[in-house]
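Me: Could you take a close look at one part of this model for me, and then work outwards from there to the rest of the fold? I'd like it as one connected walk-through.

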Amino acid sequence: MDPKAHIVPFIKATNSVFSEMLNLAVSSGQMENEGDSFMSAGISTLVGFTGGWKGLFFLDMSQDTAMKLAGILTGEVYQSVADEEVLLSCAELGNIISGNAITAVNNEQPGLNIRLTPPSVFAGDDMSIFNVRLSSWSVLMQTEAGAIKINVAVEEGKK
C-alpha cells in the first residue's frame with residue numbers, strides 16, 4: 001500500500017468531525033512526508049494503534065487554537081491551556097477523529113482488526129515529536145478556529 005494512503009481516512013474523519021461536531025469548515029493543504037519527526041505548534045494529541053496497522057496519529061495545533069476549539073465544544077471561554085477542560089477537549093477530538101478513521105479502515109478491511117490506545121495530550125513550547133523507526137505523513141488544515149495539523153505514522157502489521 002502507498003504509505004501516504006494511510007492518512008486519507010484521517011483526513012476524511014477530521015473533515016467530518018470538524019463539520020458535524022464543531023460546525024467548522026476545513027480546507028486541507030497538501031500531504032507532506034514528515035519523515036521521522038516534526039515540530040509541534042504547542043498542543044499535540046497522540047493516539048496509538050495496533051493490529052493490522054501499527055502506528056501513531058497526532059492532532060497538532062497552537063495553544064490558541066486548542067482554547068478556541070475547547071470553547072466551541074464546551075461553550076466556555078478559556079484563558080490558558082493549563083485548564084483541564086482544554087486538555088480534555090483536545091484528547092476527545094483526537095480520540096473521535098482516530099476512532100472514526102480506524103472504524104472506516106476496519107469496515108473496509110475487516111481482517112486488519114486495528115485497535116486504538118487511549119489518547120495522550122502534550123502541551124508546551126518548542127516540542128519536537130520523534131517517531132522511532134516510523135516515517136509519517138502530515139496535512140496542514142485550516143479552520144476558522146486556527147490551523148491544525150494531522151500526522152499519521154504507520155507500519156503495516158500482521159493481519
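What does Ser120 touch, leaving aside its neighbours within four places in sequence?

Reply: Ser120 is in contact with Ser44, Thr45 and Leu46 once its neighbours within four places in sequence are left aside. Bear in mind that this is a predicted model, so everything here is read off computed coordinates. Ser120 sits in strand 6, which covers residues 120-123. Its relative accessible area is 32%, so Ser120 counts as partly exposed. For a sense of distance, take Asn131: it is 11 residues from Ser120 in sequence, and the two C-alpha atoms are 15 Å apart.

Now to the core. The largest nonpolar core has 38 residues, and strand 3 (43-50) is one of the elements that give two or more residues to it. The others are helix 1, strand 4 (53-61), helix 2, helix 3 (84-108), strand 8 (136-143) and strand 9. Helix 3 gives the most, with seven residues. If you want to find the middle of the contact network, look for Phe10, Phe49, Trp53, Phe57, Leu69 and Ile150, the residues with the most contacts inside this core.

Ile150 is a handy one to click on. Not counting residues within four places in sequence, Ile150 is in contact with Ile7, Phe10, Ile11 and Thr14. Its contacts also include Phe57, Phe58 and Leu59, as well as Trp137, Ser138, Val139 and Met141.

From there, go to helix 1, residues 8-20. This helix has 13 residues and reaches 18 Å from its first C-alpha to its last, close to the 18 Å expected at 1.5 Å a residue. Its buried residues are Pro9, Phe10, Ile11, Ala13, Thr14, Val17 and Phe18. Among these, Phe10, Ile11 and Thr14 also turn up in the contact list of Ile150.

Helix 1 has a part in the largest pocket too: helix 1 and helix 3 each supply at least two residues of its lining. The volume of that pocket is about 190 Å³. It is lined by 13 residues, and the closest to its centre are Pro9, Lys12, Ala104, Val105 and Glu108. Helix 3 gives the most to this lining, with five residues, just as helix 3 gives the most to the largest core.

Next, the charged pairs. The count comes to two salt bridges. In one of them, Lys149 pairs with Glu34, and the closest N and O atoms are 2.7 Å apart. That pair links distant parts of the chain, with Lys149 in strand 9 (residues 146-156) and Glu34 in strand 1 (residues 27-35), 115 residues apart. Both ends are tucked away by the 20% cut-off for buried: Lys149 is buried at a relative accessible area of 18%, and Glu34 is buried at 19%.

The other salt bridge joins Lys68 to Asp64, with the closest N and O atoms 3.2 Å apart. Here the partners are four residues apart in helix 2 (residues 63-74), so about one helical turn separates them. Lys68 is partly exposed at 41% relative accessibility, and Asp64 is partly exposed at 42%.

Carry on past helix 2 and you get to Ser80, in the loop between helix 2 and helix 3. At 33% relative accessibility, Ser80 counts as partly exposed. Not counting residues up to four places away in sequence, Ser80 touches Met67 and Val86. The C-alpha atoms of Ser80 and Leu56 are separated by 27 Å, with their positions 24 residues apart along the chain.

Last, a couple of backbone spots to check. Most residues other than glycine have a negative phi, which is why the next two deserve a look. Asn23 has a positive phi of about 55° although it is not a glycine. Asn23 lies in the loop between helix 1 and strand 1, and at 67% relative accessibility it counts as exposed. Then there is Asn113, whose phi is near 50°, again a positive value in a residue other than glycine. You'll find Asn113 in the loop between helix 3 and strand 5 (115-116), where it is partly exposed with a relative accessible area of 45%.

Note on methods:
Residues numbered from 1 in each chain as written. Predicted model: local features only at pLDDT ≥ 70, side-chain atom pairs only at ≥ 80, totals over all residues. Heavy atoms only, no water. Expected span 1.5 Å × (residues − 1). Buried < 20%, exposed > 50% of the residue type's maximum accessible area, 1.4 Å probe, protein only. Salt bridge = Lys/Arg side-chain N within 4 Å of Asp/Glu carboxyl O. Core = buried A, V, L, I, M, F, W, Y, C linked by side-chain atoms within 4.5 Å. Contact = heavy atoms within 4.5 Å. 1 Å grid on protein atoms, 1.4 Å probe; cavity = no way out; pocket = protein on both sides within 12 Å on 5 of 7 lines; lining within 4 Å. Points joined across faces, edges and corners; volume = space filled by probe spheres on them.
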